[in-house]
Amino acid sequence: MELPFAESWKIKMVEPIRKSTREEREKWIKDANYNVFQLPADQVYIDCLTDSGTGAMSDRQWAALMMGDESYAGSRSFFELRDVVRRLTGFEYVIPTHQGRAAENVLFSHLVKAGDIVPGNSHFDTTKGHIESRKAVAYDCTVDEAKDTQLELPFKGNVDIAKLEKVLAENTDKISFIIVTITNNTAGGQPVSMANLKDIRKVADRYGKRVIFDSARFAENAYFIKTREEGYADKTIKEISREMFSYADGMTMSAKKDGLVNMGGFIATRHEDWYEGAKNYCIPFEGYLTYGGMNGRDMAALAIGLEENTEFDNLDTRIRQVQYLAARLDEYGIPYQRPAGGHAIFVDARLVLPNVPKEEFPAQTLTVELYKEGGVRGCEIGYILADRDPVTRENRFNGLDLLRICIPRRVYTNNHMDVIAAALKNVYDRRMSITRGYKIEWEAELMRHFTVKLSPLA
């Protein structure tokens, strides 16, 4: 008989987690103003808020921490990281930053000015925030199929080439670059095909524009190209990654995801003018060019993490766990963005809670209900995260409204996935009785979801 699938690693260290009562959780979430970001971590049983910086490092990475070079300038650890990035991406110039949003801040300070338009595929919260805070426009060109969560398509993260052509033709002088998020987080962790990346490159070349990849989950994107796209089954993840980046001019990277570290990021580019421009902001914002906000030990661990996570077995273990949770939700009939993405399950709150008006934030309501039910902390990727329109100041209700259940890498077992699925099922079974959501009592002007204060509507 064929041997069953098992993880590509074994456990060396464990961390205790605490269960709680529903009465405790109801008090805690009220004290947090119904915002799960405001919960202390020890009030959470299974933490699926994010996969950013929450993964477990390997023995090789922990060993690398002890070998990190903390020299202020010219650190050996920087050159180790730079050389790995060069091999994986083909980009000559590398600037470390303390995390992905810092990479965006440094690079966009050089590239984005008021009145610009930055087309892309469902810009994530920090990307959109860094664009809109500079009085520019984040223009979404994601394929329309991504809005239908029950439609099974292999690459729902793709850029719609016709939409991209149109915005370029109509606003050529206002566009300095195109940004592509791999995988597309806001659309449900959905990958972008190699064919689509090639088409984006052709369009960009016709209009003389450059392309940036938001690359936090580039390795997962490469995995889906290998397993879903014709012609790539026999290629390695590293080979696929190198080809992907051949269609870009530069990248920003939150290394807290596919880099398998708790903190870190970087900018990489093939263009010296971008490098020189970014340097001017790196030094005052982040630090000197050979550490840029990262410790030497963290750069050393990141270099190994990038090598490890561009191997198929590591990615296969990780993505199969997400698929395992998806299969459990299928058993219970719970709708999510299909097919399952690489780092999370995105439950469609509009379908789960049809009686909660959009003005009362169904996905946030579902997020709170899941926490109260099982102590599971997810994250709203929907109408609250979408922020207000920067001009009209109206809430933006034109996108998806999803509960993201983000799975940290190499942290939980499938037994934890069973708990998550059962807690969701309990909420789903009483979904028709949930008719009211939440109102905003206080919000920040930008990226409000991190600190928003809510109250229930009864």
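Welcome to a tour of the spaces and packed regions in this predicted model. A good place to start is the lining of the largest cavity, whose residues split into 5 nonpolar, 3 polar and 1 charged. From there we move to the open pockets, then to a buried helix, and finally to the nonpolar cores.

**The enclosed cavity**

- The structure contains 1 cavity of 30 Å³ or more.
- The largest cavity has a volume of about 70 Å³.
- Asn35, Val36, Phe37, Gln364, Cys379, Glu380, Ile384, His449 and Val452 form the lining of the largest cavity.

**The largest pocket**

- The largest pocket holds about 1,400 Å³ of space.
- It is lined by 39 residues, and those closest to its centre are Met13, Gly55, Ala56, Arg410 and Val411.
- Helix H2 (59–67) and helix H12 (312–332) each contribute at least two residues to this lining, and the largest share, 3 residues, belongs to H2.
- Sorted by class, the lining of the largest pocket has 16 nonpolar, 11 polar and 12 charged residues.

**The second largest pocket**

- In the second largest pocket there is about 1,100 Å³ of space.
- Lys128, Glu132, Ala138, Ala386 and Arg396 are the closest to its centre, out of 36 lining residues.
- H5 and E4 are the elements that give two or more residues to this lining, and E4 gives the most, with 4 residues.
- The lining of the second largest pocket divides into 16 nonpolar, 8 polar and 12 charged residues.

**A covered helix, H5**

- Helix H5 (residues 125–132) is mostly covered, with 8 of its 8 residues buried.
- You can find these buried residues in the model as Asp125, Thr126, Thr127, Lys128, Gly129, His130, Ile131 and Glu132.
- Two of these names, Lys128 and Glu132, also appeared among the residues closest to the centre of the second largest pocket.
- The buried residues of H5 pack against helix H4 (100–111) and against four strands: E3 (117–120), E4 (137–140), E5 (177–181) and E6 (210–214).

**The nonpolar cores**

- The largest nonpolar core has 56 residues, and Phe213, Met244 and Leu306 touch the most other members.
- Helix H8 (residues 218–228) gives the most to this core, with 6 residues.
- Look closely at Met244: leaving aside neighbours within four places in sequence, this methionine is in contact with Ile182, Met194, Leu197, Phe213, Phe218, Asn221, Ala222 and Ile225.
- Another core, of 32 residues, lies apart from the largest one, and its members include Tyr336, Ile407, Met417 and Ala421.

Note on methods. Residues are numbered from 1 along each chain as its sequence is written. This is a predicted model: local features need pLDDT of at least 70, side-chain atom pairs count only at pLDDT 80 or more; totals for chains, interfaces and linings use all residues. Side-chain values use heavy atoms; hydrogens and water are left out. A nonpolar core is a set of buried Ala, Val, Leu, Ile, Met, Phe, Trp, Tyr and Cys residues joined through side-chain atoms within 4.5 Å. Buried means under 20% relative accessible area, exposed over 50%, partly exposed in between (1.4 Å probe, protein chains only). Contact means heavy atoms within 4.5 Å. On a 1 Å grid over the protein atoms alone, a cavity is a set of points where a 1.4 Å probe fits but cannot get out, and a pocket is an open set with protein on both sides within 12 Å along at least five of seven lines; lining residues have an atom within 4 Å of a point. Grid points are joined across faces, edges and corners, and a volume is the space filled by probe spheres set on the points. Ala, Val, Leu, Ile, Met, Phe, Trp, Tyr, Cys and Pro count as nonpolar, Asp, Glu, Lys and Arg as charged, and the others, Gly among them, as polar.
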